[in-house]
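Please open the model in your viewer and keep the selection panel at hand. The tour below goes from one selection to the next and says what is to be found at each stop.

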Number of protein chains: 2
Amino acid sequence: MATGRTHRPATRSRGIPEATVARLPLYLRALTALSERSVPTVSSEELAAAAGVNSAKLRKDFSYLGSYGTRGVGYDVEYLVYQISRELGLTQDWPVVIVGIGNLGAALANYGGFASRGFRVAALIDADPAMTGKPVAGIAVQHTDELEKIITDNGVSIGVIATPAGAAQQVCDRLVAAGVTSILNFAPTVLSVPDGVDVRKVDLSIELQILAFHEQRKAGEETGAPEEGESAQAAAQDTVPGAAAVAQTPLAPHRAASGAGKDNGRQGPDGDVPAVMPA
Amino acid sequence: MATGRTHRPATRSRGIPEATVARLPLYLRALTALSERSVPTVSSEELAAAAGVNSAKLRKDFSYLGSYGTRGVGYDVEYLVYQISRELGLTQDWPVVIVGIGNLGAALANYGGFASRGFRVAALIDADPAMTGKPVAGIAVQHTDELEKIITDNGVSIGVIATPAGAAQQVCDRLVAAGVTSILNFAPTVLSVPDGVDVRKVDLSIELQILAFHEQRKAGEETGAPEEGESAQAAAQDTVPGAAAVAQTPLAPHRAASGAGKDNGRQGPDGDVPAVMPA
DNA sequence: GTGTGTGAAGCCTTTCACAGCC
DNA sequence: GGCTGTGAAAGGCTTCACACAC
């Protein structure tokens, strides 16, 4: 590795840390809310509170984008909205396909936040012939056979996989072969993709398990041995007093996926292909 | 801060890094798959590939749990499954309530991975009287009025919020007041919670925006100025050759939430209360 | 020989604290 | 006086590389 990033003239550097990128959408949402309330400017302290981070972090984050604030005053809301949108690439239109129109796929298709952020559902795709033609969220579901054509015709570069785990790798391969270079994966599988393809993973089961871990710890503390409980628990507390222990959408290590793609044809535990993203 | 963690006799230390905790479910899933194929032992290299991480990280992670491997051989699959399950608190039963039975709530209710990991859907709750009594995933939906009673009667400590953003904070407050201490939030809002309550956030819109950011960068590189593109892109590549740039469920800073709970009554952009988790 | 367990090094992220500009 | 922008310090996570156990 020995990546670049080392020194770089601060001139609007291309080198925004992943952790910062992951928080930009948070700021953007808070700013959008302010914008709708016609708030003209906001301080780092206020915005940070609205976004659920601390102000030092926010200022540092913004410093990677440039100097968009005014000392002694704060940030211009509209201007920041624009700058962050541009940085995130939301000023352009991103056609998206959703593959796997089960309960989850339907939920995603109905998700209002799509359109408002530059994303457009270009197509819904499902392998079940019975689904073909059925309208979901006002869009007729298309059969998997059409996948390649849909991707090409619409110039889709972002795909969402909401299929059962057993189908995910195969769908992924087809998406990638057809030209998709970013994938949001809801199936509980490790996808292996070629170089240059981004995959992000959302996994309900994992989130719950992490919660259970902390929950268990709490229970253990109040009951049996208080021991030296400080570690995880105590580290909480941030800017605001009345709030703690919240893990916001965390940062993204941006690391490589596994291979071992072989046994991906296998299904997880549970019955065969439960309604939505089996474990 | 100056947290503990400093030195600690390696005796099954209480101080597993958050990043490690976030990966345990990944290992557990891979191990479960191996277990079903009756694979008796596995090396760090193999398991790491199956889980989509590199082997050094995996070994380091396991070292926080204890020395469960055998040098020159590997790890006993069944034993590891048990140890990780125990560590995550999955050997006990966790009753869970899901609040907000729209498209997403229904998807979650139908999610097969619940039961198989020690989680049990104790109740489905929705504010719409028309939903009350309707069976979803074999469970009759109950009205929000019953929320407190349900929590208490079932000893629920984990709640899932799948309501529109406008309702999330209020639901959260009621859950917490009734005794819930861990919340998985699908609504695109910053929840403010009292000390000692864990919140994890899953947000589709944010994930897509992060993808768009990288996607935009790719486009910029191949088209206009190749500049000094290496930064983000190059940092990819891990263990396996044929795979890169995957951001697996990232680590969790485990930080405090915002206040500013005031304007949470406000709705996001988009129409009013779209089907599922509006932006 | 093989593969784990782990100190040490390196990198990234967060936090601090204050100079500088309005 | 207030608030941003940012070096510097601190902390945490990942990677390296090798001793050690089987």
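In which loop of chain A does Gly102(A) lie? Select Gly102(A) in this predicted model, and you will find that residue in the loop between β4 (94-99) and α5 (103-110) of chain A. Gly102(A) has a relative accessible area of 27% and is therefore partly exposed, since the partly exposed class runs between 20% and 50%. Next, select Leu104(A), whose place is in helix α5 of chain A; Leu104(A) counts as buried, at 3% relative accessibility. Both residues belong to a set that an unreviewed UniProt entry lists under "binding site", namely Gly100(A), Ile101(A), Gly102(A), Asn103(A), Leu104(A) and Gly105(A).

**Chain A as a whole**

Widen the selection to the whole of chain A, which has nine helices and eleven strands. Of the 279 residues of this chain, 57% count as buried, while the area that chain A exposes comes to about 10900 Å², with carbon and sulfur atoms supplying 53% of it. If you display the contacts of chain A that have a separation of 6 or more, residues 24 or more positions apart account for 58% of them.

**The annotated N-terminal region**

Now select residues 26-65 of chain A, where UniProt, again in an unreviewed entry, places the feature "DNA-binding region". Over this stretch the chain is 75% helix and 5% strand, and the C-alpha atoms at its ends are 15 Å apart.

Keep that view and highlight helix α1 (residues 18-36) and helix α3 (residues 55-65) of chain A, whose axes come within 10 Å and cross at roughly 105°. An angle of 65 to 115 degrees counts as roughly perpendicular, so α1(A) and α3(A) are roughly perpendicular to each other. To see the residues that make the contact, show the side chains of Thr20(A), Arg23(A), Leu24(A) and Tyr27(A) in α1(A), together with Lys57(A), Leu58(A), Asp61(A), Phe62(A), Tyr64(A) and Leu65(A) in α3(A). Coloured by class, this contact of α1(A) with α3(A) has six nonpolar, one polar and three charged residues.

Two of the residues just shown in α3(A), Tyr64(A) and Leu65(A), appear again when you select Ile16(A), which is placed in the segment before α1 of chain A. Leaving aside neighbours within four places in sequence, Ile16(A) is in contact with Val21(A), Tyr64(A), Leu65(A), Glu87(A) and Phe213(B), a list that includes a residue of chain B. A distance label drawn from Ile16(A) to Glu87(A) reads 9.9 Å from C-alpha to C-alpha, although the two are 71 residues apart in sequence. Ile16(A) is buried, with a relative accessible area of 6%.

**Two positive phi values**

Which loop holds Ser38(A)? Select Ser38(A), and it is found between α1 and β1 (41-42) of chain A, with a phi near 60°, a positive value in a residue other than glycine. Ser38(A) is exposed, at a relative accessible area of 59%. Then move to Ala137(A), in the loop between β6 (135-136) and β7 (139-143) of chain A, which has a positive phi of about 55° although it is not a glycine. Ala137(A) counts as partly exposed, at 37% relative accessibility.

**Over to chain B**

In chain B, select helix α2 (residues 44-51) and helix α3 (residues 55-65), whose axes come within 8 Å and cross at roughly 105°. That angle makes α2(B) roughly perpendicular to α3(B). Here Ser44(B), Glu45(B), Leu47(B) and Ala48(B) in α2(B) meet Ser55(B), Leu58(B), Arg59(B) and Phe62(B) in α3(B), and by class the residues of this contact divide into four nonpolar, two polar and two charged.

For the last stop, select Leu88(B), which lies in helix α4 (residues 77-88) of chain B. Is Leu88(B) buried or exposed? Leu88(B) is buried, with a relative accessible area of 0%. Once neighbours within four places in sequence are left aside, Leu88(B) is in contact with Gln209(A), Ala212(A), Phe213(A) and Gln216(A) of chain A, and with Val21(B), Leu24(B), Pro25(B) and Leu28(B) of chain B. A further label, from Leu88(B) to Ala22(B), gives 10.0 Å from C-alpha to C-alpha for two residues that are 66 residues apart in sequence.

Terms used. Residues are numbered from 1 along each chain as its sequence is written. Chains are lettered from A and ligands numbered from 1 in the order in which they are written. This is a predicted model: local features need pLDDT of at least 70, side-chain atom pairs count only at pLDDT 80 or more; totals for chains, interfaces and linings use all residues. Side-chain values use heavy atoms; hydrogens and water are left out. Axes are lines fitted to C-alpha atoms, for helices over the stretch in contact, and angles run from 0 to 180 degrees between N-to-C directions. Helices (H or I, at least four residues) and strands (E, at least two) are DSSP runs, numbered from the N terminus. Angles under 35 degrees count as roughly parallel, over 145 as roughly antiparallel, 65 to 115 as roughly perpendicular and the rest as oblique. Contact means heavy atoms within 4.5 Å. Ala, Val, Leu, Ile, Met, Phe, Trp, Tyr, Cys and Pro count as nonpolar, Asp, Glu, Lys and Arg as charged, and the others, Gly among them, as polar. UniProt positions are given in the numbering used here, feature names are shortened, and annotations may be inferred rather than shown by experiment. Buried means under 20% relative accessible area, exposed over 50%, partly exposed in between (1.4 Å probe, protein chains only). Accessible areas come from the Shrake-Rupley method with a 1.4 Å probe; for residues, only the protein chains shown count as cover.
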